[in-house]
Each structure stands twice: as C-alpha cells, then as structure tokens.
Amino acid sequence: MSTFLQTLMDAVAVGSLYALIALGYTLVFGILQFINFAHSDVFALGAWLTWLSATLLIRISHGQGTLVNPVVMGIVIPAAAILGCGFIGFLIQQFAYKPLRNAPRLNVLITAIGVSLLLENTGQLRGVFGPYPQAAPTIFPDKVLGHFAGVDLRLVDVLVFAIAITLMIIMQFWIYHTRFGRAMRAISHNFSAAALMGINVDRAIAFTFFIGSCLAGAAGFLYAMKYPQLQQTAASVWILLGLKAFVAAVVGGIGNVRGALLGGILIGIVEFFGVAYLSSNYRDVYVFLVLILVLLVRPQGILGTAAIEKV
C-alpha cells in the first residue's frame with residue numbers, strides 16, 4: 001500500500017506540471033486554433049531563468065558579504081521566470097505568428113518549429129545559459145511535511161499540485177466570467193465579427209500568449225525546484241516533456257481548461273504506474289498509447305466537445 005500511495009503522489013505531482021504546460025497549449029489553441037510547438041521551449045526557458053536569477057542573486061549577495069534573504073528569493077526568482085517567459089511569449093506572437101495570422105496553417109506550423117529550434121540553440125550559447133547541464137540552487141528546501149501510511153508528503157509536491165489547482169480555477173473564472181474572457185471566446189469563433197463588435201483582437205491575442213507563456217514559466221520554475229539538475233536547452237528531455245503536456249491537453253480535451261488539468265494528472269498516473277508495475281523501459285510508450293486510445297474512442301478528448309459545422 002505504501003508503494004501504491006507513494007507512486008500516486010509522485011504521479012499527481014508530475015502530472016500537475018504537465019497540466020500547467022498543457023494550460024498554455026489550451027489557451028493558445030482555444031483562441032487561434034493552432035498548436036504552438038515552441039511552448040515546450042518556453043517551459044525550458046522558465047527552468048533556466050530560475051537557475052539564472054537564483055545564481056545572480058547568490059553572486060550579488062556574496063559580493064556584498066551577506067546571505068540572500070529567503071523571502072526575496074521566493075519572490076524575485078519565480079517572478080523572473082514567469083514574467084521572463086511571458087515576455088518571450090509576447091515577442092514570439094508579435095514577430096513570428098502575427099504576420100502569419102491569415103496564412104495557411106502549414107506556414108504557421110513550420111514557423112512554430114523554426115521558433116522552437118531558435119530558442120533551443122540560442123539557449124545553448126555561452127553568453128546565454130551555456131551548453132552544459134547546471135544545478136539550480138535550492139530556493140524551497142524539499143523537506144518532508146509529514147508521513148501518511150508510510151508515504152512522505154514533500155513540500156515541493158504539495159506546492160506543484162496546489163499551484164496547478166489554483167491557476168486552473170483562476171483561468172476558468174477568467175475565461176468564463178470576465179469581459180476579457182468573453183472577448184477571447186468571441187475571437188475564437190470569428191475574428192472579423194469580434195473586431196466589428198469593438199474587440200481589440202491584436203491585444204487579446206497578445207495577452208493570451210503572454211498568459212500562456214507565464215504558465216509555462218511557472219511550470220519551469222516548479223520543475224527546477226523538483227528536479228534541480230537542468231539539461232541544456234536543446235536536450236531531448238524538454239521536447240519530450242512538452243510532447244507529454246501536449247498529449248495531456250489532447251486527452252483532456254484541448255481548448256478546455258479543466259481538461260488540461262485532468263489530462264495532465266491522468267498522463268502522470270499512467271506513466272508512473274506503468275513504470276512501477278509494468279516496466280520502466282516503456283515509460284513514454286504508456287503515454288502515447290493513452291493518446292491513441294483516446295483519439296480512437298473520443299477524438300475530442302475526455303472533456304472536449306465535438307465541433308459541429310453547418311455546410
């Protein structure tokens with residue numbers, strides 16, 4: 001039983017990370033109906049911005065002969081990761097996707113892949129993050145909060161899950177109960193009609209990219225706290241994490257905020273229980289098997305709705 005509960009706890013924590021990244025995919029798809037494949041690289045930037053800002057704070061404090069205030073670290077570092085990723089997402093939208101808004105979908109897809117490669121290789125430059133793995137400094141010590149049925153309840157796991165739930169509730173409220181959320185939903189149906197109703201389409205889309213990238217930055221920060229050893233930005237681990245988050249969005253119902261959370265946790269459970277009770281050699285296979293099954297049985301995802309078009 002203790003093994004089962006520990007596996008479940010680990011699965012929910014990692015699944016919550018997938019859910020945070022999937023929320024970004026869902027927001028962009030919901031308004032523009034395309035997949036931003038550079039989103040996983042923005043997530044990687046969030047983890048590396050965590051390392052960079054923490055390292056700079058520690059160096060500054062050591063140069064002054066003082067210790068870094070933990071409260072300052074707990075505020076400045078996540079803010080740097082989240083806002084930095086939001087700014088990168090805004091730039092990507094303005095300079096890569098906005099000029100192609102009326103172009104064929106294939107053009108946008110190729111551009112997304114190009115932006116992804118640009119971010120991966122730029123991050124490896126020595127003047128940016130460098131070509132070598134780095135260990136992120138400890139901000140929140142991953143201490144054990146308590147024991148339950150032989151299972152350790154760890155601080156970082158609780159933070160990851162709590163933040164994912166909180167952000168999902170905020171996004172759900174923002175999209176369905178605010179004026180800006182109504183504007184986003186109007187744009188997702190028809191750009192031209194929304195503009196005729198007085199909605200600033202460019203501002204709404206730019207802000208959506210900003211928020212989605214901020215969510216990726218939050219996920220990157222939490223990932224760096226849970227797994228401090230960061231691989232270089234072009235490492236396959238980031239691409240795979242982004243793909244699993246995309247699978248989570250599709251399985252839950254892409255375009256559905258609650259579906260992103262459900263899909264992320266479901267993918268985490270399938271992955272970790274498959275490793276624990278079947279074989280670790282097929283860790284990634286379990287995830288994509290779930291994707292295939294869902295696409296065969298319910299193509300719109302668990303919480304998604306089928307689009308009906310009149311012809």
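What share of the contacts in the protein with a separation of 6 or more comes from residues 24 or more positions apart? Such residues account for 74% of these contacts. Keep in mind that this is a predicted model. The exercises below go from the overall shape to single residues.

**Exercise 1. Describe the overall build of the protein, and decide how its compactness compares with the globule rule.**

Step 1: Begin with the elements. The protein has 11 helices and four strands.

Step 2: Compare the two radii. The radius of gyration is 20 Å, and the globule rule gives 19 Å for 311 residues. These values are close, so the protein is as compact as a globular protein of that length.

Step 3: Add the extents. The C-alpha trace spans about 65 × 50 × 35 Å along its principal axes.

Step 4: Turn to burial and surface. Of the 311 residues, 48% count as buried. The accessible surface comes to about 15300 Å², and carbon and sulfur atoms hold 68% of it.

**Exercise 2. Check the length of helix α5, then find its buried residues and what covers them.**

Step 1: Work out the expected span. At 1.5 Å a residue, the 23 residues of α5 should span 33 Å.

Step 2: Compare this with the model. The end C-alpha atoms of α5 are 32 Å apart, which agrees with the expected span.

Step 3: Pick out the buried positions. Among them are Leu155, Val156, Val160, Ala164, Leu167, Met171 and Trp174. Asp157 and Gln172 of α5 are buried too.

Step 4: Recall a rule about helices. An α-helix has 3.6 residues a turn, so residues three or four places apart point the same way. Try following the buried positions along the helix with that in mind.

Step 5: Look for the cover. The buried residues of α5 are covered by parts including α1, β2 (144–148), β3, α6 (179–189), α8 and α10 (257–277).

**Exercise 3. Locate Leu153 and describe its surroundings.**

Step 1: Place the residue. Leu153 is in strand β3 (residues 151–154).

Step 2: Judge its exposure. Its relative accessibility is 34%, so Leu153 counts as partly exposed.

Step 3: List its contacts. Leaving aside residues up to four places away in sequence, Leu153 touches Met9, Lys143, Val144, Leu145, Gly146 and Val158.

Step 4: Look further along the chain. Gln6 is 147 residues from Leu153 in sequence, yet their C-alpha atoms are separated by 8.8 Å.

**Exercise 4. Examine the aromatic pairs and say which parts of the chain two of them join.**

Step 1: Start with the total, which is 17 aromatic pairs.

Step 2: Take Phe34 and Phe209. Their rings form a tilted pair, 6.5 Å centre to centre with 35° between the planes.

Step 3: Place both rings. Phe34 lies in the loop between α1 (2–32) and α2 (39–63), and Phe209 in helix α8 (residues 201–226), so the pair ties together parts 175 residues apart in sequence. Phe34 is buried at 11% relative accessible area, and Phe209 is buried at 1%.

Step 4: Move on to Trp174 and Phe207. This pair is edge-to-face, 5.7 Å centre to centre with 70° between the planes. Trp174 belongs to α5 and Phe207 to α8, 33 residues apart. Trp174 is buried, at 14%, whereas Phe207 is partly exposed, at 33%.

Step 5: Finish with two further ring arrangements. Phe43, Tyr223, Tyr227 and Trp238 are linked into a cluster by ring pairs. Elsewhere, Arg283 lies over the face of Phe272, 5.1 Å from the ring centre.

Note on methods: Residues numbered from 1 in each chain as written. Predicted model: local features only at pLDDT ≥ 70, side-chain atom pairs only at ≥ 80, totals over all residues. Heavy atoms only, no water. Phe/Tyr/Trp six-rings, centres within 6.5 Å; stacked < 30°, edge-to-face > 60°. Helix = DSSP H or I, 4+ residues; strand = E, 2+ residues; numbered from the N terminus. Buried < 20%, exposed > 50% of the residue type's maximum accessible area, 1.4 Å probe, protein only. Lys NZ or Arg CZ within 6 Å of the ring centre and 35° of its normal. Rg over C-alpha atoms; globule rule 2.2 N^0.38 Å. Contact = heavy atoms within 4.5 Å. Areas by Shrake-Rupley, 256 points an atom, 1.4 Å probe, with all protein chains shown as cover. Expected span 1.5 Å × (residues − 1).
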